[in-house]
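Visitor: Hello! I am new to this structure and would like a close look at one part of it. Could you show it to me before I ask?

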Amino acid sequence: MSVSDQMMKGLLDGAILGLIAQGETYGYEILEKLKEKDFPEISDGSIYPVLLRLSRKGYVSTQTKKSDTGGPKRKYYSITESGLHELEIFRSRWTYLNKGMNNLMRSVENAE
């Protein structure tokens, strides 16, 4: 099932902040973790603009390090205090929205 770009745009910031809050990580690893959680398919090209936006807003900090596998250097992302605060706001809004949508969808199912 495909999720619209507009819906994904609103969710990606929170999802990525949530993953980074679990520990320092890099772009490709974020994509893999999203797949593990059954998050809708995301292209490599859409994740890096989100990471750049989160960095510009001060929600994540970056550090370039050598790769463990001997490959090229990687940019690692860590969440900042500001990012933790933003994640908490996102979580609260998501809980509120999710509750309302679940209630609405249950009433639609019961009406059928």
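Visitor: Is Y26 buried or exposed, and what is its relative accessible area? Please take me through that part slowly, and then show me what lies elsewhere.

Guide: Welcome! Please keep in mind that this is a predicted model. Y26 is buried, because its relative accessible area is 15%, and buried means under 20%.

Let us set the scene before we zoom in. The protein chain contains four helices and three strands, and from the N terminus on, these elements follow the order α-β-α-α-β-β-α. Its C-alpha atoms fill a box of roughly 60 × 30 × 20 Å along the principal axes. Of the 112 residues in the protein chain, 26% are buried, and Y26 belongs with the buried ones.

Now back to Y26 and its partner. Searching the whole structure turns up one aromatic pair. It is formed by Y26 and Y76, with ring centres 5.3 Å apart and planes at 70°, so the pair counts as edge-to-face; the cut-off for that label is an angle over 60 degrees. The two tyrosines come from distant parts of the chain: Y26 sits in strand β1 and Y76 in strand β3 (residues 74–79), 50 residues apart. Y76 is buried too, because its relative accessibility is 9%.

Strand β1 covers residues 25–26, and T25 lies in it. With a relative accessibility of 0%, T25 counts as buried. The side chains of T25 and E29 are joined by a polar contact of 2.5 Å. If we set aside neighbours within four places in sequence, T25 touches I20, I30, K33, K75, Y76 and Y77. So Y76 turns up twice in our tour: it is in contact with T25, and its ring pairs with that of Y26. Links across the sequence can be counted for the chain as well: among contacts with a separation of 6 or more, 53% are between residues 24 or more positions apart.

For a contrast, look at G70, in the loop between β2 (60–65) and β3. G70 counts as exposed, because its relative accessibility is 65%. Its C-alpha atom is 25 Å from that of E36, and these two residues are 34 residues apart along the chain.

Let us finish with the spaces in the model. The second largest pocket has a volume of about 210 Å³. Twelve residues line that pocket, and those closest to its centre are D5, M8, K9, L12 and S46. Helices α1 (5–21) and α3 (44–56) each give at least two residues to the lining of the second largest pocket. Sorted by class, this lining holds six nonpolar, two polar and four charged residues.

There is also one cavity of 30 Å³ or more. The largest cavity encloses about 30 Å³ of space. Its lining consists of L31, L34, K35, F39, P40, E41 and I42. By class, the lining of the largest cavity has five nonpolar residues, no polar ones and two charged ones.

To return to your starting point, Y26 is a buried residue whose ring meets that of Y76 edge-to-face, and this pair links strand β1 with strand β3.

Conventions
Residues are numbered from 1 along each chain as its sequence is written. This is a predicted model: local features need pLDDT of at least 70, side-chain atom pairs count only at pLDDT 80 or more; totals for chains, interfaces and linings use all residues. Side-chain values use heavy atoms; hydrogens and water are left out. Buried means under 20% relative accessible area, exposed over 50%, partly exposed in between (1.4 Å probe, protein chains only). A polar contact is a pair of N or O atoms within 3.5 Å; within protein, one must be able to donate a hydrogen and the other to accept it, and residues adjacent in sequence count only if both atoms are side-chain atoms. Contact means heavy atoms within 4.5 Å. On a 1 Å grid over the protein atoms alone, a cavity is a set of points where a 1.4 Å probe fits but cannot get out, and a pocket is an open set with protein on both sides within 12 Å along at least five of seven lines; lining residues have an atom within 4 Å of a point. Grid points are joined across faces, edges and corners, and a volume is the space filled by probe spheres set on the points. Ala, Val, Leu, Ile, Met, Phe, Trp, Tyr, Cys and Pro count as nonpolar, Asp, Glu, Lys and Arg as charged, and the others, Gly among them, as polar. Rings of Phe, Tyr and Trp (its six-membered ring) pair if their centres lie within 6.5 Å; planes under 30 degrees apart count as stacked, over 60 as edge-to-face and the rest as tilted.
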